[in-house]
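Hi,

Here is the structure I promised to pass on. Have a look at it first, and then read my notes below.

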Amino acid sequence: MSVELRRNGLQLAGTPLFLDATRKTPLSFVSHAHADHIARHERTIATAATLRFMAHRLGKVAAPLPAPYGRPFDLGPLSLELLPAGHVLGSAQLRIIREDGKRIVFTGDLNLEPSLTAEPAQVAECDLLIIESTFGHPRYAFPPREEVLGQVESWVRRHLERGAVPVLLGYSLGKSQEAMKYLSGRGFSLVAHESIHEVALLYGELGVPIERMRRFDGRVEPGEVLFFPPHLARNGALASFWPRATAVLTGWALDGPGAARRYGADVAFPVSDHADCASLVRYAKATGARDILTHHGFAEELAEVLRGQGLDARALGQPRQLALL
């Protein structure tokens with residue numbers, strides 16, 4: 001068996017199964033519901049939570065195939081199993097077991113730090129590992145999440161005390177809910193743009209309630225913290241709030257002051273729902289994989305680091321067929 005890197009994503013050769021395909025396919029596993037991982041497939045394998053988020057974003061999912069964590073099921077001669085990835089609520093890795101017993105794991109986006117809103121990642125033991133490399137460069141070393149969220153809290157308190165509106169920019173699915181869960185637990189009142197608020201309500205329906213929040217209606221009351229999607233921060237929607245202070249929550253904060261400027265923010269905090277380079281290396285070792293394929297982001301750099309640790313790793317490049325095992 002081989003994996004093929006096609007224009008619309010990875011496919012297991014000889015099967016209809018794609019992995020996080022970005023265009024419509026007959027059948028795709030979807031690791032999570034971020035926009036760059038979903039499409040309107042004819043059939044979709046994912047967790048129930050991911051399918052719910054997909055329906056919210058794309059409309060009705062044509063033929064959903066919900067799969068709980070840790071419960072193997074068959075796809076022809078293959079056995080498939082979903083395992084938590086720790087990235088956002090409902091995110092999953094996929095383990096594929098061939099007829100000969102060889103195990104292949106596709107991680108999708110992965111986060112190994114404890115999370116307030118996502119299921120903790122589980123190490124998926126395997127023979128071949130296909131691992132995402134978004135922050136696979138050694139320069140990305142994230143501080144502990146609790147420490148960074150504490151810095152966000154201090155920043156929010158400081159600006160509330162001076163009478164400014166604190167605005168936090170975060171992705172509508174995942175990162176915003178993580179920060180909202182933390183701040184609401186610390187006693188803050190939150191107001192969120194409708195795109196963030198709607199997802200937060202879905203989190204509550206899926207068993208992760210976020211308290212002390214309301215939907216943004218153009219007003220921010222004294223003492224409230226405003227959550228807004230980054231792509232809307234520059235369109236004038238925030239112009240009426242003054243004084244205000246704006247922070248963006250992104251792993252790219254480690255790139256320096258320019259990260260904040262890219263988002264039109266005053267400051268950037270390295271709150272990430274991805275694993276950093278060292279965590280990816282630890283994970284790869286823990287799986288016991290004899291063969292590792294890195295993909296997306298800093299794939300070449302991560303593969304080089306893994307080879308330096310004595311592991312057999314290579315990056316997925318331009319579309320080509322790669323022998324598995």
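Helix α6, residues 277-287, has these buried residues: Cys277, Ser279, Leu280, Val281, Tyr283, Ala284 and Thr287. The cover over them includes strands β9 (92-97), β11 (128-132) and β18 (291-295), along with helix α7 (299-308). Just past the end of α6 sits Gly288, with a positive phi of about 75°. Before I go on, keep in mind that this is a predicted model.

The other helix I looked at is α3, residues 175-185. With 9 of its 11 residues buried, α3 is largely enclosed by the rest of the structure. The buried set is Lys175, Ser176, Gln177, Glu178, Ala179, Met180, Tyr182, Leu183 and Ser184, so charged residues such as Lys175 and Glu178 are in there too. Gly187 follows α3, again with a positive phi, this one near 95°.

What does Glu178 pair with? Its partner is Arg145, in a salt bridge whose closest N and O atoms are 3.1 Å apart. Arg145 belongs to helix α2 (residues 145-161) and Glu178 to α3, so the bridge ties together positions 33 residues apart. Both Arg145 and Glu178 are buried.

Arg145 also turns up around Ser272, which lies in the loop between β17 (267-269) and α6. Ser272 is buried, with a relative accessible area of 8%. Setting aside neighbours within four places in sequence, Ser272 is in contact with Asn111, Phe135, Phe142, Arg145, Lys175 and Gly251. Lys175 in that list is one of the buried residues of α3. Closer along the chain, the Ser272 side chain reaches the backbone nitrogen of His274 at 3.0 Å.

Now the overall layout. The protein divides into domain 1 (3-139 + 274-315) and domain 2 (145-269), and their C-alpha centres are 29 Å apart. Each domain puts 20 residues into the contact. Together they bury about 1800 Å², of which 65% is on carbon and sulfur atoms. There are 2 salt bridges across this interface. Arg139 and Asp255 are a salt-bridged pair as well, at 3.7 Å from N to O. Between the two domains I count 8 residue pairs in polar contact. On the domain 1 side, the residues touching domain 2 split into 10 nonpolar, 6 polar and 4 charged.

Back to salt bridges: how many are there in the whole structure? The search gives 14. Besides Arg145 with Glu178, two others caught my eye:

- Glu81 and Arg95, with the closest N and O atoms 3.1 Å apart. Glu81 is in strand β8 (residues 78-84) and Arg95 in strand β9, 14 residues apart. Both Glu81 and Arg95 are buried, and β9 is one of the elements covering the buried residues of α6.
- Arg214 and Glu224, at 2.9 Å between the closest N and O atoms. Arg214 sits in strand β14 (residues 213-215) and Glu224 in strand β15 (residues 224-228), 10 residues apart. Glu224 is buried, with a relative accessible area of 9%. This pair is part of a network in which shared partners join Arg214, Asp217, Arg219, Glu221 and Glu224.

If you open the model, I would begin with Ser272 and its contacts, Arg145 and Lys175 among them, and then follow Arg145 to Glu178 in α3.

Cheers

Technical notes
Residues numbered from 1 in each chain as written. Predicted model: local features only at pLDDT ≥ 70, side-chain atom pairs only at ≥ 80, totals over all residues. Heavy atoms only, no water. Domains from an automatic or database assignment. Contact = heavy atoms within 4.5 Å. Buried area = accessible area lost by both parts, 1.4 Å probe. Salt bridge = Lys/Arg side-chain N within 4 Å of Asp/Glu carboxyl O. Polar contact = N/O pair within 3.5 Å; in protein donor to acceptor, adjacent residues only side chain to side chain. Buried < 20%, exposed > 50% of the residue type's maximum accessible area, 1.4 Å probe, protein only. Helix = DSSP H or I, 4+ residues; strand = E, 2+ residues; numbered from the N terminus.
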